[in-house]
Each structure stands twice: as C-alpha cells, then as structure tokens.
Amino acid sequence: MLHHPFPPLYDKNSKVLILGSFPSVKSREQMFFYGHPQNRFWKVISTVMSADTPVTIEEKRNFLYAKHIALWDVIASCDVVGSSDSSIKNVVANDLTEIIKNANIKQIFVNGKIAEKYYNKYIRDSINREAVCLPSTSPANAGWSVDMLVKAWEIIKTYMD
C-alpha cells in the first residue's frame, strides 16, 4: 500500500481544483505534482493561462498560486504498479473538505477518466459537488495532442473571474 507523499496545493484564493488520480513514480520522487517530463500538464495549463511554462517546483508552485489553481489527487492511498493508473487497487480517497472549506473553489476538475472514476465512487456524494472530467494529460493518452488538450482544458478559464 502506497500513501500520497505530499500535501495539496491551494490557498484561500484558489478558484478551481484540479484532481489527478495518484502521483506517478516521478512525482513521488520529486514530491510534487506532474513530475514526469512526458506528462503534458504543465505545458497545457500554462498555455491555457497564457503564461510561460514553469520548470522548477518553486516556479510551478508560484504559477498555481498566481493563477488561483489548486491541485490535489483523488486517492490518498492505494496499491499501484509503478505509475500505471489501470493497476490501481484498494483505494482510500483523500478528504477534500479542508480545501472546500478554506478556498473559494468554484469548480472541481478531474484530470482523466481514472480520476473521474474514483472521484465519483468515493468523493462526489460526500461533498455534494460534481467534477468536470478533462482529458488526461498523461503520455498514455497519446490520442490527444497538446493542441487538442489545450482546447479542452480552456474551460477552466470560465471559472477564473
């Protein structure tokens, strides 16, 4: 059983919450979100927000705070083989109530179908909030180009005002 090794990133000004499933091996090594260089999250989110792509963890953290984006994952602990979302078993979900109570979250988004599956199964009813599923930025979602992902992810700007 692996446990999520780092805390959520948010502050009282966060307006959207983006939830992944569970951190990849690279993310767990770096102790920060979307750490695998092949994951397109940082390229997509920075393009959507018309900003330079952050590189260091400090730049990524500052970018998220400046753009009022909260990040966390649906799963607190699970059994997983490497970084394979399809191998996830024995899920224990994260409790989102702290974020919901302490930030001005207008909309929750999930990054991909696996995050959506576990959000709907374990979290949605407990906080009574629907999540919008966005196409996964994972390199495993090879059918989606960066341009296609950017177009789909632009919906988050709707909740930034």
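# Exercises on strands, helices and odd backbone angles

In strand 6, Ile 108 is the bridge partner of Leu 17. That pair is our way into the fold. A bit of housekeeping comes before the exercises. The model is predicted, so local features need pLDDT of at least 70 and side-chain atom pairs count only at pLDDT 80 or more, while totals for chains, interfaces and linings use all residues. Numbering starts from 1 along each chain as its sequence is written, and side-chain values use heavy atoms, with hydrogens and water left out.

## Exercise 1: Neighbours of strand 6

Work out which strands pair with strand 6 and in what sense, then place strand 6 in its sheet.

*Step 1.* Start from the Leu 17 and Ile 108 pair. Strand 2 (residues 16-20) is joined to strand 6 by four bridges, in the parallel sense. (Strands pair if DSSP finds at least two bridges between them; strands are DSSP runs of E with at least two residues, helices are runs of H or I with at least four, and both are numbered from the N terminus.)

*Step 2.* Now go to strand 7. Strand 6, which covers residues 107-111, runs parallel to strand 7, and four bridges join the two. Phe 109 sits opposite Val 132, and Val 110 sits opposite Cys 133.

*Step 3.* Put the pieces together. The result is an open sheet of four strands in the order 3-2-6-7, with parallel pairing. Its edges are strand 3 (69-73) and strand 7 (131-134), each of which pairs on one side only.

## Exercise 2: How well covered is strand 6?

Check each face of strand 6 and decide whether the strand is enclosed.

*Step 1.* Fix the cut-offs: buried is under 20% relative accessible area, exposed is over 50%, and partly exposed is in between, with a 1.4 Å probe and protein chains only.

*Step 2.* Take the faces in turn. Gln 107, Phe 109 and Asn 111 are buried on one side, and Ile 108 and Val 110 are buried on the other.

*Step 3.* Conclude. Five of the five residues of strand 6 are buried, so the rest of the structure largely encloses it.

## Exercise 3: Two helices, two faces each

For helix 5 (113-122) and helix 3 (57-66), find the buried residues and see what sits on the opposite face.

*Step 1.* In helix 5, the buried residues are Ala 115, Tyr 118 and Tyr 119. Looking down the axis of helix 5, they fall within an arc of 105 degrees, so they line one face of the helix. (The arc is taken over the directions from the helix axis to the C-beta atoms.) Turned away from that buried side, the other face of helix 5 carries the exposed residues Lys 113 and Lys 121.

*Step 2.* Helix 3 buries Lys 60, Phe 63 and Leu 64. Those residues span an arc of only 95 degrees around the axis, which puts them on the same side of helix 3. Exposed Glu 58 and Ala 66 are on the face turned away from the buried side.

*Step 3.* Follow Ala 115 out of helix 5. The C-alpha atoms of Ala 115 and Ser 21 are 4.3 Å apart, though the two residues are 94 residues apart along the chain. Ser 21 belongs to the loop between strand 2 and helix 1 (25-30). With 8% relative accessibility, Ser 21 counts as buried.

## Exercise 4: The other sheet

Lay out the three-stranded sheet and name its edges.

*Step 1.* The strand order is 1-4-5 in an open sheet with antiparallel pairing.

*Step 2.* Strand 1 (2-3) and strand 5 are the edges, each with a single partner strand, so one side of each has no neighbour in the sheet.

*Step 3.* Zoom in on one pairing. Strand 1 and strand 4 (residues 75-79) are antiparallel over two bridges, and Leu 2 has Cys 78 as its bridge partner in strand 4.

## Exercise 5: Positive phi without glycine

Locate two residues with a positive phi that are not glycines.

*Step 1.* Recall the background: most residues other than glycine have a negative phi.

*Step 2.* His 68 is one case, with a positive phi of about 60 degrees. Look for His 68 in the loop between helix 3 and strand 3. At a relative accessible area of 26%, His 68 is partly exposed.

*Step 3.* Asn 90 is another case, with a positive phi of about 55 degrees. Asn 90 lies in strand 5, which covers residues 89-93.
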